Amino acid sequence: MTKNFFLIACIVFSFLSCKENVHQATETQETAAVNNTYAKDNYTKKEVMIEMRDGIKLHTTIYTPKDTSKKYPMLLKRTPYSCRPYGEDAFPTKVGPNKYMMEEGNIMVYQDVRGRWNSEGVYDNMRAYIPNKTGTQFDEASDTYDTIEWLVNNVEHNNGNVGTYGISYPGFYATYSLLDSHPALKAVSPQACIGDFFFDDFIHNGAFLLSYWRATSVFGYMKDKPTQKAWYEFPDIGTEDQHQFFLDHMPLSKLNTFYGEDNVFMEQIKEHVTYDEFWQSRGIIQHLKDIKPATMIVGGLFDAEDLYGPFNTYKSIEENSTNYNTVVFGPWSHGDWARTKERQVVGNIHFGDNLSDNFQKNIETKFFNHFLKGEANGETGLAEAQMFNTGTKEWQSFESWPPENATKESYFMQPYERLTQQANRMIATSDFVSDPKKPVPYTEDIKVGFTPRKFMTDDQRFASRRPDVLTFETEILENDVTLAGDILAKLNVSTTGTAADWIVKVIDVYPADTKPVEGTDDVQDHLKLSNYHLMVRSETLRGRFRNSMSQPEPFVPNEKTAVNLKLQDVFHTFKKGHKIQVQVQSTFFPYIDANPQTYVDNIFEAKESDFKTQTHKVYNDSSIEFTVIK
């Protein structure tokens, strides 16, 4: 696949990175069936440059209802992905978070953040928050504050109330608006929000998401003046087989020929290979204290990019603030809830119809209307936690998340591939040989893509049948088992080498007689739902970080070592007649880069000779701890 293809694809979808397609394509193409010209027919558009406290001016686009007989709240979305289309005569198909809020009437505001697109200034990826700013000191919190201050004082027909929202990176900026928040900011909805780049998107627990390597160009190349056209390009990898491409470019240093030092973000990733001050200062979760505006955190239970962010944003606010705080998680991949498609399908699995439309109409719109328009007195009518059970395929409401009645249950990884609730006193191990040059694929599909969405529900039979994947499985369940919260894998392992990654997957094994519901066969032609191995959750840990993300350490060869790996929350019922399966492996390629299995201080500087085949052992006192509700 050529560079020109990537560039054309990004332009066609409006905008810039396949990651941002979720937001921008959603706001154009999928709403076209509703009314292509509604925004233009009912809104006026104005473009302004708003000056920040240090004199830098940010491009801001304001859509105001043509009906000037009443006042409206303002909905602000700050984005690194552009305010396109530029020009006061050019209109998108949809403005605002959803079509219902557009049709009800709200003032919709978009802003290119500092250093991006048509705004002035220097861009800083995940710019660090500065507490107790003085004078002209700035960060994203002050830029948001200054923007809101200008808006409430200069935009006609506003009612003095402002809300912020955004998905993915714009979700991070929505979270940022909570810090040192403007008094007019009343409601904030961070959605699939990045919380920390060492755990979201580009890095997961110290492992580099190789599938995101090309996306670093979106954030890595700087510009020196405002622009309405993309100033970066994606590398031409010359193939449609991404797996083979990255195998051929192992070790990682072989990829250096595609990027120069002017890709600032890639250079930062290569230089800061531990959770050092660089990454710590850019994390936002630790700053979420004493939050004042109402918050609604939204995420997808099958989001391959940003699960850490929304779950931990909600939990941090809940623990450290007394504001109104609610959370919504549905059976969505990255940003699906902003789409208008009727059928909700992730990969091969159909979860229901009109789920996103229901969220937009009855949850998102209700939240913002309550706090920005004062349409309801007292309670919002929304539950504290609105969660979708991905096993029973139904919504359920809770007064807290995890639910108050949740308990912990452990299952042990026993010999002969058994997963039981009884520990075996006999000392035994399950062994496998891991060859980094023949890594376990994260998907069977042969394709090139930025965002590995589909694999989050992929059938894992192909992996369970490999000798370098350990599989532990319960007997057929006699009763339903419902997981509602996080998962902790407590591995006891050893390796003949000095380095290893550990990947744990939790899988729902369907009964042999499972067939698709009539009219809902979304399964790929080469698969069947009979014995389907649905991946419910997976996570990776670069083993060197087993004790500290800041102070990596090698394994001692052949020494039994504890490795604890936290998997993000799930809400899933393993139904009677199904089986619970746990897979353990050491490669997940090229979702993450391959570990050479020889300890080197910086994997980006590893040599071919460092990549060695090693034997890994998982001891039978290893367990996995589930959060369970009865």
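Two strands are taken to pair if DSSP finds at least two bridges between them. The structure discussed here is a predicted model.

**Strand pairing around β24**

Under that criterion, β24 (residues 614-619) has β17 (residues 429-434) as an antiparallel partner, and 6 bridges join the two strands. Within this pairing, T429 of β17 is bridged to Y619 of β24. Strand β19 also runs antiparallel to β24, and 3 bridges join them. Here V493 has V618 in β24 as its bridge partner. In a regular strand the side chains alternate between the two faces of the sheet.

**The nonpolar core**

In soluble globular proteins, nonpolar side chains tend to be buried together. The largest nonpolar core of the model has 176 residues. Those with the most contacts inside this core are Y169, W213, W401, W502, V584 and I624. Strand β19 (residues 481-495) supplies the largest share of the core, namely 7 residues.

What is W401 in contact with, leaving aside its neighbours within four places in sequence? Its contacts include the aromatic residues F311, Y314 and F571. Also among them are V327, A385, M387 and V570, together with A484, G485 and D569. Since β19 covers residues 481-495, the contacts of W401 with A484 and G485 connect this tryptophan to that strand.

**Backbone exceptions**

Most residues other than glycine have a negative phi, and most peptide bonds are trans. The table lists four sites that depart from these tendencies.

| Site | Backbone value | Location |
|---|---|---|
| R84 to P85 | cis, omega near 0° | P85: loop between β3 (72-79) and α4 (99-104) |
| M250 to P251 | cis, omega about 10° | P251: loop between α8 (242-248) and α9 (264-271) |
| W117 | positive phi, about 50° | loop between β4 (107-112) and α5 (140-154) |
| A192 | positive phi, about 45° | loop between β6 (185-191) and β7 (203-204) |

The cis bonds each lead into a proline: R84 precedes P85 in one, and M250 precedes P251 in the other. P85 lies in a loop that follows strand β3 and leads to helix α4, whereas the loop of P251 links helices α8 and α9.

Are the residues with positive phi, W117 and A192, buried or exposed? W117 counts as buried because its relative accessibility is 0%, the cut-off for burial being under 20%. A192 likewise has a relative accessible area of 0% and is therefore buried. Neither W117 nor A192 is a glycine.

Definitions and conventions
Residues numbered from 1 in each chain as written. Predicted model: local features only at pLDDT ≥ 70, side-chain atom pairs only at ≥ 80, totals over all residues. Heavy atoms only, no water. Helix = DSSP H or I, 4+ residues; strand = E, 2+ residues; numbered from the N terminus. Buried < 20%, exposed > 50% of the residue type's maximum accessible area, 1.4 Å probe, protein only. Core = buried A, V, L, I, M, F, W, Y, C linked by side-chain atoms within 4.5 Å. Contact = heavy atoms within 4.5 Å.
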